Amino acid sequence: MIYLDHAASTPVDPRVAARMHAALVDPLAHGNPASSTHAPGRAAAAAIEAARAQVASLIGVPAEDLLFTSGATESDNLAVLGLARGRGDFGRHLVTSRTEHKAVLDACKRLVKEGHAVTWLEPEADGRIAPDALRAALRADTQLVSIMHANNETGVVQDVAALAAVCRERDVFFHTDAAQSAGKIPTHFLRDGIDLASVSAHKMYGPKGIGALYVAPRVRPWLLPLAFGGGQERGLRPGTLATHQIAGFGLAASLAAREQQHDADIAATCVRDFRAALAAVPGLRWNDHPTARLPGLVSLSVSDVEGESLLAQLPELALSSGAACDSSRGEPSYVLRALGVPAELAQSTLRISFGRGQTSKDAAIAAAMIREAIDTLRARYADPSADATWHTGVAGSQRIGTHVRCQLRVGGDGRVQKVRFSLYGCPHTQAVVTLLEARWPGLGLVADGRPDPALGAAADWAREVGAPVEKLGRMLVVEDAMRLATLAVIDAARGS
Ligand SMILES: *Cc1c(COP(=O)(O)O)cnc(C)c1O
């Protein structure tokens, strides 16, 4: 198994795990960091402050302006909801982009329910937000702009300094989700004039469940907390701080600061070799930016290949479909759609993210496997050469995810001699056509004007291959193609 999903989560660096273990077992640091009256409490507090300095240094902000959260999701929520609510008396308008992480998008949608207005910026064709487009979207009542630093699906990096400068001109606060960029590319959020920045430990070889939010002093009075309690983290994020998580996060950040250039050089080599190995494959669309990009991430859309089948052909690669198909809803990625990638291409997208410790060898193996998977699936979809003895029925479309060609050859006795399908479709649909190719020969073409009942019907096939009910529609496309092929045979017999 090759792990190519570092954009979803990175493994914990062994040095970080050791640091966390030490923090958990150290009797000198098992106090509550808020307990300043005894040594174990003060030791825990010291470990936390050391880590705060390490994380702050990585992103170029003063340590006292960084607060710990449970991750970038919470940081995004606190920034967007906290500021919009805190500034609600001054205006209720926000600006963000269509390609943000759900943690920002859904927080904005929540604010709409609370009476705020949101302007959703569209990225340019290259995935970047133009500063002029942002300037044009600002209104007298705009309180906050939230634009991510690096996109989690495409790796496109925004010019946050330029976007923040536009906000400064108009005295609007600027938040950036830096979960993907921190630790992978240089970040200088104080210098760049950023007011709020979200980061996450598990995207930089630290533990899951810990993150941070940078809050510039000028923003702090306006930020309303989401939780209430013991007053920790300036009252903005109360609750006992997780000493071991934070200690691990701190070390992860300091390792990233030291090794990020080295990591980036290697990741860029992996990406370069990966792309070169696939350069001769036709019908590929690369969704990442040529220069403004995360070093280790590539997003690749493949034509004439169905997305779910593509992933199913790659069991030895741990990668993401580029959030291409939100599997619960079956919708293609909103990020790719916003970039102008057609739906049928967006749904067959692979996001490959290389990480620490990987080499060109991993890139070469992954590229070879992907190439083979593409060849296999395209061969199944290719139109086989057919002479007049074959009768064809075609149904569905790539756009709806299933495109089937059914071809029949029928003997003088009216029985089916041979059946072949070519398919663009999911693995369940593939299993159904394979089953039918074996089952149909020898049966009558029709019985009483209907398909031979021994074939079964769409619902039976779905059950036989273990397909979930929501896939019944795809089985019906197969049935349509079979019916059209049958009609073609009947028509031909009439004509002759
Ligand atoms: C991973 C990620 C998040 C969520 O971070 P968690 O720490 O898992 O909550 C938010 N935004 C972006 C861009 C991410 O990549």
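**Exercise 1. Find the loop that holds Tyr205, then decide whether the residue is buried or exposed.**

Start with the location: Tyr205 belongs to the loop between β7 (196-200) and β8 (211-215). Helices (H or I, at least four residues) and strands (E, at least two) are DSSP runs here, numbered from the N terminus. We're working with a predicted model, where local features need pLDDT of at least 70, side-chain atom pairs count only at pLDDT 80 or more, and totals for chains, interfaces and linings use all residues. Residues are numbered from 1 along each chain as its sequence is written, and side-chain values use heavy atoms, with hydrogens and water left out.

Next, the backbone: Tyr205 has a positive phi of about 70°, although it is not a glycine.

Last, the accessibility: Tyr205 has a relative accessible area of 11%, so it is buried. Buried means under 20% relative accessible area, exposed over 50%, and partly exposed in between (1.4 Å probe, protein chains only).

**Exercise 2. Do the same for Asp171: where is it found, and is it buried or exposed?**

Asp171 is found in the loop between α6 (160-169) and β6 (173-177). Its phi is near 60°, again a positive value in a residue other than glycine. As for accessibility, Asp171 comes out at 58% relative accessible area, so it is exposed.

**Exercise 3. Work out the strand order of the sheet that contains β10, and say what packs on it.**

Step one is the order. Three strands make an open sheet, β9-β10-β14, with antiparallel pairing. Two strands pair if DSSP finds at least two bridges between them.

Step two is the edges. β9 (284-286) and β14 each have a single partner strand, so one side of each is left without a neighbour in the sheet. From one strand to the next, the twist averages 25°. Angles run from 0 to 180 degrees between N-to-C directions, with axes being lines fitted to C-alpha atoms, for helices over the stretch in contact.

Step three is the register. β9 and β10 pair over three bridges in the antiparallel sense, and Leu284 stands opposite Val302 in β10. Helix α7 (residues 243-278) packs on the sheet and touches β9, β10 and β14, and its direction makes about 20° with that of β10. Contact means heavy atoms within 4.5 Å. On the β14 side, strand β10 (residues 297-302) pairs with β14 over five bridges, antiparallel once more. There, Leu297 stands opposite Ser353 in β14.

Step four is a look at how covered β14 is. Five of the five residues in strand β14 (residues 349-353) are buried. Both faces are covered: Thr349, Arg351 and Ser353 lie on one side, Leu350 and Ile352 on the other.

**Exercise 4. Describe the sheet β15-β16-β17 and name the helices that lie across its strands.**

This is an open sheet of three strands in the order β15-β16-β17, paired antiparallel. Its edge strands are β15 (391-397) and β17 (416-424), each pairing on one side only. The twist averages 15° from one strand to the next.

Now zoom in on one pair. Seven bridges join β15 to strand β16 (residues 402-410), and the two run antiparallel. Ser397 stands opposite Thr402 in β16.

Then add the helices. Helix α12 (residues 427-439) lies across β16 and β17 and runs at about 170° to β17. Helix α14 (residues 472-495) lies across β15, β16 and β17, at about 150° to β15.

**Exercise 5. Characterise the packing of α3 against α4.**

First the geometry: the axes of helix α3 (residues 72-86) and helix α4 (residues 102-113) come within 9 Å and cross at roughly 30°. That makes α3 roughly parallel to α4. The cut-offs are under 35 degrees for roughly parallel, over 145 for roughly antiparallel, 65 to 115 for roughly perpendicular, and oblique for the rest.

Then the partners: Thr73, Asp76, Asn77, Val80, Leu81, Ala84 and Arg85 in α3 meet Ala103, Val104, Ala107, Cys108, Arg110 and Leu111 in α4. By class, that contact has eight nonpolar, two polar and three charged residues. Ala, Val, Leu, Ile, Met, Phe, Trp, Tyr, Cys and Pro count as nonpolar, Asp, Glu, Lys and Arg as charged, and the others, Gly among them, as polar.
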